[in-house]
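Student: I'm new to reading protein structures. Can you take me through one, feature by feature?

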Amino acid sequence: MFERKAYQKLLDFKKDNGKYAMLIEGARRVGKSTLAEEFAKREYRSYIIVNFHEDLNVAADPFQFLPDLDYFFSALSANYNTELFPRESLIIFDEVQEFPLARSYIKYFVKDGRYDFIETGSLISIHKKTDTNFIPSEEDAFTLYPMDFEEFLWARGKKILADFIRQCYVNKRSLGPALHKQAIQEYRHYLVTGGMPQVVAAFLTDSSHFVADREKQQILRLYRQDMTKLDDEFGLKAGDIFDMAASNLGKTNSQFRVSSLRGVSDSTIRMTFKALEDSKIFLRAFDLTELNINMKQLRADSRFKLYFSDTGLLISDIYNDQDGGGSDIYRSIISDRLSTNQGYIYENAVAQAFAAAGRRLYYYTFHDNSDHRYELDFLLRRGKKLIPVEVKSSDVYSLSSLKRAMKEYSSILVSPTVLWTKDSKKEEGITYLPVYMAGLLE
C-alpha cells in the first residue's frame, strides 16, 4: 500500500461518526479497494469486505434478511467469520455497482448507526446498472485518481525532496541546479511510469520501465474491453473514441472534432462522452465561449479536448507494441530529447495533475483581427480572476498566445504562468515554474 493523499479524506469521514457512507469512485485499477482495506486495517477494530465482483452469491446472501438489520448484520458476521463491534467496525461494499440493492439500503445502514460503511465502484458501471437519478442522501463521495507526482516521490522513498519542492513553491524560490536536475529526472520517470499503483509497484521492483509497461498494457486491454461492452450494450462509439483519443492529442490542434463521428446522433455522442467521463479513463477539458470566472456555465460543450487520466498509459498506448516499440520514446523522455511535436505528453501530465488536485479543466481559444488563432492551454480560477497557464516542453517555444491574452483580457487575467522543464523564475511579469509543480498551483 502506497501512501495516498486520499487517506486523509477517509480519516475525515471517520471523524463524523457514521453520519454518512463514503463512496470511493474512480477508474479500474486505480487503487480504490486497496485504499479502503488499508484504512480498515489501520483505523478499526474489525472490518468486513463484501466483494460483489468476486463472489456475488456469498456477498448477496445476508441481504435476504433485510429489512431486519439485526439478522442482516448477524448473517454478515457469520458469513465472513468476523465479529462486528458497534462504532468500531467498518463494512466495505467492494464493486458496489454489481449489486444495486446494497447501495439502495445505505440510508438504512447509516440511520442504524452501528457501523461505518465505505463503497467502492466505477461511475460508468454504477450509472449503467442503477437508476442514475438515485444518489443516497446519506452518501458522500470522492474520486480517486492515479498517483500524482508527489505520491510517486513518496513511493520512491524521496519524501524529503517532495517536501522541498513544495517549500520552494510556497516561498517562490528556485530549487537550484542540483536539486532541480534531480527533481526533473524523477518527473521524467514519473511520466513514463504513470500513477497506476500496480505499475508503480512493478517499476519499483526492478527499476525497469519495460516490465512496468506489461502492467500498463494489461490495464489498457481491460479498458478497451470495457469500452467494447458499452458499444455492445448501447450502440455507443466509446471503443472508436478510445482508439482515436491518443492520436488526436498529437495533432497541432488537439481539440476533439465531434464531426469526425459521422452517422452518429447527437444523443449518442452525448451519452458516449458522458460514459467516458464516468469511467475516469479520460479527462475532458472544455473551451470557453468567453473569459469569465463562471467557467462551468460558459463552457462550449461541442469544443473540448480529451486527455488520458494517466500519462503513463497514454505513452504506452501510442508508442508501445509487442516488439517493445516504446523503448525509443522512453529513452527520449528520460534523457530530455523529446521532439517539439511531442509536447502533448507534458500537457497531458499537467491536465492529470490539475484533475488530481480537484481542478476542472478549461482552456480558451480566440482570434485577432487577422483571424490568427490563439490558445491558452489551461485556465485556473483564483478568487474573481483567472490564471492563464501555458505548458512548454522544449527550449523552442512561443508565448504569443499568453502575451496577447494578457493584453486583451487584463481585467480578468492575473499571474500568467508557464510550466516548463527548467527551474523557477519570474520575467516580464510572467511566472515560470518547473512542470513538476503543476499539482501545487493555487
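Tutor: Let's go through a sheet, a helix that lies across part of it, and the nonpolar cores. Keep in mind that this is a predicted model.

Student: In what order do the four strands of the open sheet come?

Tutor: Read across the sheet from strand to strand: here the order is β7-β6-β8-β9, and the pairing is mixed. β7 (299–308) and β9 (373–376) each have a single partner strand, so one side of each is left without a neighbour in the sheet. On average, neighbouring strands are turned by 30° against each other, ignoring direction.

Student: How many bridges join β8 to β9?

Tutor: Four, and these two strands run antiparallel. As one case, Tyr 364 has Leu 376 in β9 as its bridge partner.

Student: Which helix lies across β8 and β9?

Tutor: That's α18, residues 400–408, running at about 90° to β9. Ser 401 sits in this helix.

Student: Is Ser 401 buried or exposed?

Tutor: Buried means under 20% relative accessible area. Ser 401 has 11% relative accessibility, so it counts as buried. Leaving out residues up to four places away in sequence, Ser 401 touches Phe 366, Tyr 374, Glu 375, Leu 376 and Glu 390.

Student: Which residues have the most contacts inside the largest nonpolar core?

Tutor: Ile 118, Ile 165, Tyr 187 and Phe 354, in a core of 121 residues. Helix α17 (residues 344–356) gives the most to this core, with nine residues. Apart from this core lies another, of 25 residues, including Leu 66 and Phe 72.

Technical notes: Residues numbered from 1 in each chain as written. Predicted model: local features only at pLDDT ≥ 70, side-chain atom pairs only at ≥ 80, totals over all residues. Heavy atoms only, no water. Pairing = 2+ DSSP bridges. Axes fitted to C-alpha atoms, helices over the stretch in contact; angles between N-to-C directions. Contact = heavy atoms within 4.5 Å. Buried < 20%, exposed > 50% of the residue type's maximum accessible area, 1.4 Å probe, protein only. Core = buried A, V, L, I, M, F, W, Y, C linked by side-chain atoms within 4.5 Å.
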